[in-house]
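Let's take a walk through this model together. Keep the 3D view open and turn it as you read.

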Amino acid sequence: MTDVVHAEWTKLRTLPGTGWLLLAAAALTAAVGAIAANAVTCPAGGCQLDPAKVSLTGIELGQVVVAIVAVTVVSGEYSTGMIRLTLAATPRRWRVLTAKAAVAGTVTLAAGAVAVLASVLAGSLLLARHGISPAHGYEALSLGDGPVLRAAAGSVLYLVLIALLSLGVAAVVRDSAVAIGVVLALLYLFPIISGAVTSPAWHRHLDQLSPMTAGLYIQATTNLRSLPLTPWQGLGVLAAWAAGAMLAGALLLRFRDA
Amino acid sequence: MSVMAPYQSEQRVRRDGFGQLLWAEWTKFRTVRGWVIGLLVAVLLIVGLGAFTGVNSQCSVADVTPQNPNPPIQACPSPPTGPGGEWVSDSFYFVRQPLAGDGSITVRLTSLTGLYSTHGGFGSPQNPTAGMTPGVQPWAKAGIIIKAGTRQGSAYAAMMVTGSHGVRMQWNFTHDVAGLAGKVSADSPRWLRLARSGDVITGYDSADGTHWTKVGTATLAGLPSTAQAGLFAASPGYSANSTSLGGASSTGGPALATGTYDRVSRLGTWPAGRWTGQAIQATRDNALPASAQGFTQAGDRFTVTGSGDIAPSTDSIDSVKHSLAGTFAGLIAVVVIGVMFITAEYRRGMIRTTLAASPRRGRVLAAKAVVLAVVVFAAGLVAAAVTIPLGEHLLRDSGNPIYPAGVLTMTRIVVGTAALLAISAVLGLAVGTVLRRSAGAVTVVIAGLVLPYLLAVTPGILPVGAEQWLVRVTPAAAFAVQQSVVQYHQVDTVYAAGTGYFPLAPWAGLAVLCAWTALALALAVFLLRRRDA
């Protein structure tokens with residue numbers, strides 16, 4: 001198994017795009033977070049503001065870059081025919097998928113940690129400059145604070161789960177363009193349809209089912225009662241989507257000709 | 001020994017024209033099963049999600065009272081309709097008497113004051129103004145009006161002073177012309193006059209009662225020979241729009257305006273001879289109850305207190321936008337097809353054959369763009385033309401009032417949606433040519449189109465200024481082409497993408513997407529020529 005993971009790591013490491021994409025994911029996440037934090041204007045009376053969530057807004061953009069990396073890990077092999085060599089070398093196909101998941105998950109974890117740390121740092125500096133500080137009755141944005149730590153660590157986990165979801169989808173559909181299309185549709189369509197449906201019950205159901213909306217509940221640190229799920233339940237919804245995609249990918253890889 | 005004739009193809013020699021190139025690209029498109037299926041999926045997603053939204057958007061009202069705790073659920077009522085077919089709010093206090101035939105009314109206004117509620121409601125039925133704050137709303141109005149009748153939505157023309165927009169002449173809800181600027185006060189009174197001649201009503205204003213200026217002329221088609229004319233006052237509700245995170249959030253409540261008049265004089269035939277006061281309003285209007293409104297008269301001196309607004313209604317649900325929510329799903333599908341239309345050639349090595357057969361590379365890309373645009377436009381036209389009436393029907397069945405958008409607007413939305421899909425697919429083709437990587441190209445295009453829209457319409461993510469900027473400069477500006485509601489400068493409300501109002505005009509928004517696509521296509525042609533395939 002170590003050999004398989006090592007082989008996958010070599011394949012990913014030696015692709016010229018991987019490093020740039022992961023760097024872009026981290027940089028875009030931090031940049032969008034900083035822009036959002038910098039754009040905050042709050043009237044003197046105060047506003048309903050979740051400092052941790054604002055600082056981590058960039059995850060919404062960073063996740064699509066992570067999805068590209070994860071999709072390419074699988075579909076890249078199909079587009080070049082490399083998959084036949086890989087499966088000849090490792091006939092136990094589930095091992096290949098597990099190794100790919102381990103490698104993609106680990107690099108996402110690393111890039112995600114950098115992105116989140118940079119976002120929280122930028123957020124705490126910029127928000128304090130815009131009057132979102134303990135002097136005005138807001139909690140200071142610090143990783144020592146339990147809910148903020150949950151939001152930060154949860155956002156890293158969110159990115160890892162997005163990578164696994166993308167990997168599973170790519171194993172099911174095998175083509176990069178279609179795979180990334182399906183992943184983006186899963187992420188973006190739920191909130192759009194939920195916004196268009198006016199029935200409150202369906203609005204709630206769609207938010208609870210949405211991998212992105214529910215998954216990002218992990219970033220909430222204030223006003224938790226207004227959410228239809230708790231932060232960890234929300235991340236659980238995304239985990240269920242990722243597990244389902246990985247399972248479908250593993251089964252199809254096992255029973256289908258490559 | 002016989003000499004064999006060299007082989008000669010029986011195919012007729014044809015010119016190597018653009019037509020052949022188009023035909024070749026069309027053959028490639030229609031023979032890839034996945035792309036044809038993808039296009040069908042796009043159409044089905046647009047229609048299916050539109051139907052899903054329609055079915056699951058119940059709108060119902062029920063008046064819970066102590067006597068009737070479980071009232072039957074009724075469909076939401078439509079706002080009254082103005083002479084132009086648009087939804088209007090038409091609630092105000094009307095001090096009126098019939099005017100038979102031609103005539104005129106002249107008044108002098110010496111003050112306009114107001115009260116507003118900051119907490120959403122009003123005091124109690126006995127004392128409705130309890131707890132309200134003094135202050136006049138920017139579009140609070142008091143003045144004179146000639147109206148076809150007392151039915152809400154009937155034709156009218158009015159001259160008025162407003163809280164902070166000076167003297168205005170307004171008629172039939174959507175028309176608004178500015179007169180004298182500045183606020184009204186005892187030191188600087190405003191004289192107003194309305195004169196009827198047949199169907200034509202002319203408004204004049206004056207600062208001193210001797211030097212009059214014509215403000216505007218309104219033609220009210222079908223105005224009955226005996227119209228209702230007199231004094232009125234109204235004030236739209238107070239709203240404080242949060243400019244911080246929270247997007248389109250606003251708080252506020254109903255408001256009152258009081259106008260003080262003197263020197264009321266009339267010309268023409270006024271058969272009743274005395275004034276009648278009446279609050280024109282319906283139960284659900286954003287106005288204070290009739291008991292808070294009223295008028296006093298002492299000789300030719302009047303005060304009139306009214307609540308509500310005479311203006312186009314903007315608090316409506318954009319039903320077309322709801323029906324077309326599936327556009328985004330279709331968009332993702334056609335962008336994937338557009339990207340694959342070129343990246344599949346690179347992946348299979350087909351591009352070398354294509355470029356060998358047609359060495360002028362720019363023309364290859366042009367042929368691909370034309371075929372893709374035409375095919376996707378046709379599919380989008382079918383999808384939008386089916387979805388809008390279907391969605392409207394289902395929304396109506398779910399009890400929603402349907403926004404009266406008009407045939408021209410509907411046509412623009414159907415054609416615009418098809419164009420939006422077609423241009424997005426071509427943008428996918430161009431970005432796919434530049435990047436030559438499917439995953440990257442699909443992500444760039446979809447993140448550029450859908451993510452800004454999503455960030456702009458979801459409340460609580462971005463401040464209002466950033467939202468407006470996003471739907472102005474990014475390709476997401478193109479969704480303006482689906483806007484059916486109309487923005488009016490004479491109504492203050494939250495005009496944000498989240499409530500269906502885009503900062504750019506419909507075709508200007510689509511032009512932003514066209515500009516991005518043209519830029520990407522130019523770069524694609526440049527790189528296709530420069531690089532080895």
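In which hand does helix 1 of chain A pass helix 6 of chain A? The crossing is right-handed. Keep in mind that what you are looking at is a predicted model. To find the pair, look for residues 2–13 of chain A, which form helix 1, and residues 93–129 of chain A, which form helix 6. Two packed helices are described by the angle between their axes and the distance between the axes. Here the angle is about 55 degrees and the axes lie 9 Å apart. That angle makes helix 1 of chain A oblique to helix 6 of chain A.

Now zoom in on the residues that meet. Helix 1 of chain A brings A:Val4, A:Val5, A:Glu8, A:Trp9 and A:Leu12 to the contact. On the other side, helix 6 of chain A offers A:Arg95, A:Val96, A:Ala99, A:Lys100, A:Ala102, A:Val103 and A:Val107. Sort the residues of this contact by class and you get 9 nonpolar and 3 charged, with no polar ones.

Zoom back out to see chain A as a whole. Chain A has 11 helices and 0 strands, so reading its elements from the N terminus just gives you one α after another: α-α-α-α-α-α-α-α-α-α-α. The radius of gyration of chain A is 19 Å, close to the 18 Å that the globule rule gives for 258 residues, so chain A is as compact as a globular protein of that length. Taken along the principal axes, the C-alpha atoms of chain A fill a box of roughly 65 × 40 × 25 Å.

Another pair inside chain A is worth a look. Helix 7 (residues 146–173) and helix 11 (residues 231–255) of chain A have axes that come within 7 Å and cross at roughly 25 degrees. With that angle, helix 7 of chain A counts as roughly parallel to helix 11 of chain A. The crossing of these two helices is left-handed. Among the residues that make the contact are A:Gly154, A:Leu157, A:Leu161 and A:Leu165 of helix 7 of chain A, together with A:Leu235, A:Leu238, A:Ala242 and A:Leu252 of helix 11 of chain A. By class, this contact has 20 nonpolar, 3 polar and 1 charged residues.

Next, swing over to chain B. Chain B has 10 helices and 20 strands. Its radius of gyration is 31 Å, well over the 24 Å that the globule rule gives for 533 residues, so chain B is more spread out than a compact globule. Along its principal axes, the C-alpha trace of chain B spans about 130 × 55 × 40 Å.

So where do the two chains touch? In total, 38 residues of chain B are in contact with 36 residues of chain A. On chain B, the elements giving two or more residues to this side are helix 2 (33–55), helix 4 (327–348) and helix 8 (438–457). Helix 8 of chain B supplies the largest share, 11 residues. The chain B side divides into 23 nonpolar, 14 polar and 1 charged.

Follow helix 8 of chain B across to its partner, helix 8 (residues 176–196) of chain A. Their axes come within 9 Å and cross at roughly 5 degrees, which means that helix 8 of chain A is roughly parallel to helix 8 of chain B. Residues that meet here include A:Ser176, A:Ile180, A:Leu184 and A:Tyr188 from chain A, and B:Ser438, B:Val442, B:Ile446 and B:Val450 from chain B. This contact holds 12 nonpolar and 5 polar residues, and no charged ones.

Finally, how confident is the predictor? The model scores ipTM 0.87 and pTM 0.86. Chain B averages a pLDDT of 86, and 91% of its residues score at least 70. Over residues 243–249 of chain B, though, the pLDDT is below 50. Beyond near neighbours in sequence, that stretch has 33 contacts in the model.

Notes
Residues numbered from 1 in each chain as written. Chains lettered and ligands numbered in written order. Predicted model: local features only at pLDDT ≥ 70, side-chain atom pairs only at ≥ 80, totals over all residues. Axes fitted to C-alpha atoms, helices over the stretch in contact; angles between N-to-C directions. Helix = DSSP H or I, 4+ residues; strand = E, 2+ residues; numbered from the N terminus. Parallel < 35°, antiparallel > 145°, perpendicular 65-115°, else oblique. Left-handed = near helix turned anticlockwise from the far one by under 90°. Contact = placed C-beta atoms within 7 Å. Nonpolar A, V, L, I, M, F, W, Y, C, P; charged D, E, K, R; others polar. pLDDT = per-residue confidence, 0-100. Rg over C-alpha atoms; globule rule 2.2 N^0.38 Å.
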